[in-house]
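Colleague: Could you take a close look at the charged side-chain pairs for me? I would love a connected account of them.

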Amino acid sequence: MEPRAIRLSRALYVIFLAGLVAVPALHAGMWLNLDWMLAQRGQGIVPDYMALVDIVNPPPAWARLLGFCVDAVPVAITAVIFWNLAQLFKGYARGEVFTKGSVARIRRTGQLMLLLACLGPFVAGALSIALTLGNPPGQRQFAIGLSSADFTQIITALVIMVAAYVMDQGRALSDDAELTV
Amino acid sequence: MAIVVNLDVALARRKMSSKDLAEAVGITPQNLSVLKTGRAKAIRFSTLEAICRTLSCQPGDILEYVPDAGGKPEE
């Protein structure tokens, strides 16, 4: 592999490792500082489902814990995706491009992204329940919806899965070329 | 493997080492080892021609078809 590609792969390895630590840490920070997050509503840095929370009667501790547990599911999937990508680029930096391992990592990343995209609306719905369970009767809400971002994520995941299939064909050709004398 | 590579026999007849053959043919000793051990998936006509020229033999002296025990062709 070219030195430039190796350098880029190493940089991406570090970025994805940093993301692997940062994403769970940011989400944990968000749930630990939920009151501050709720105060920032409308400034574009707070997830949409927080708009449902009654700011006068903020969710009790048990509702926050429930919300944290629900939110932990997509965060865990995202962390696995970042780990996969970090390992993929670590392999690229070592020159392992057309290998079974790298193809499997690309395929797994696509599958996990698809899972994440499909879970997204349900997680948002579950979070809306968790965060409004503490509201007075009549103000508890359940919100579910599909956004264009969900569709974009599904399409991206499918494209990655097709790319993994193409890479697998490339790997087979590479194996053939290696064993052609 | 249905195709057996009898390169060892041809080399012994010519009293030539694998290293010398690899050098004469213009391939790496590693690639010649792949060919000798039957791990090769394909052989280029240019490589076969160079081997035959160096060893003064015919392709049939190096390559032999041996039917598999089950008789089914391999993928």
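Modeller: Happy to! Over all chains there are six salt bridges, and please keep in mind that this is a predicted model. Let me start with R64(A) and D35(A), whose closest N and O atoms are 2.7 Å apart. This pair links distant parts of chain A, since R64(A) sits in helix α3 and D35(A) in helix α2 (residues 34-39), 29 residues apart. R64(A) has a relative accessibility of 18%, so it counts as buried, while its partner D35(A) is partly exposed at 46%.

Next comes a bridge within one helix. R171(A) and D168(A) meet with 2.9 Å from N to O. Both lie in helix α5 (residues 148-178) of chain A, and because they are three residues apart, about one helical turn separates them. Here R171(A) is buried, with 12% relative accessibility, and D168(A) is partly exposed, with a relative accessible area of 21%. These two do not stand alone: D168(A), R171(A) and D175(A) are linked in a network of salt bridges.

Chain B has a bridge as well, between D8(B) and K36(B), at 3.3 Å from N to O. D8(B) belongs to helix α1 (residues 7-14) of chain B and K36(B) to helix α3 (residues 29-36) of that chain, so the pair ties together parts 28 residues apart in sequence. As for exposure, D8(B) is partly exposed, with a relative accessible area of 46%, and K36(B) also counts as partly exposed, at 26% relative accessibility.

How values were computed:
Residues are numbered from 1 along each chain as its sequence is written. Chains are lettered from A and ligands numbered from 1 in the order in which they are written. This is a predicted model: local features need pLDDT of at least 70, side-chain atom pairs count only at pLDDT 80 or more; totals for chains, interfaces and linings use all residues. Side-chain values use heavy atoms; hydrogens and water are left out. A salt bridge is a side-chain nitrogen of Lys or Arg within 4 Å of a carboxyl oxygen of Asp or Glu. Helices (H or I, at least four residues) and strands (E, at least two) are DSSP runs, numbered from the N terminus. Buried means under 20% relative accessible area, exposed over 50%, partly exposed in between (1.4 Å probe, protein chains only).
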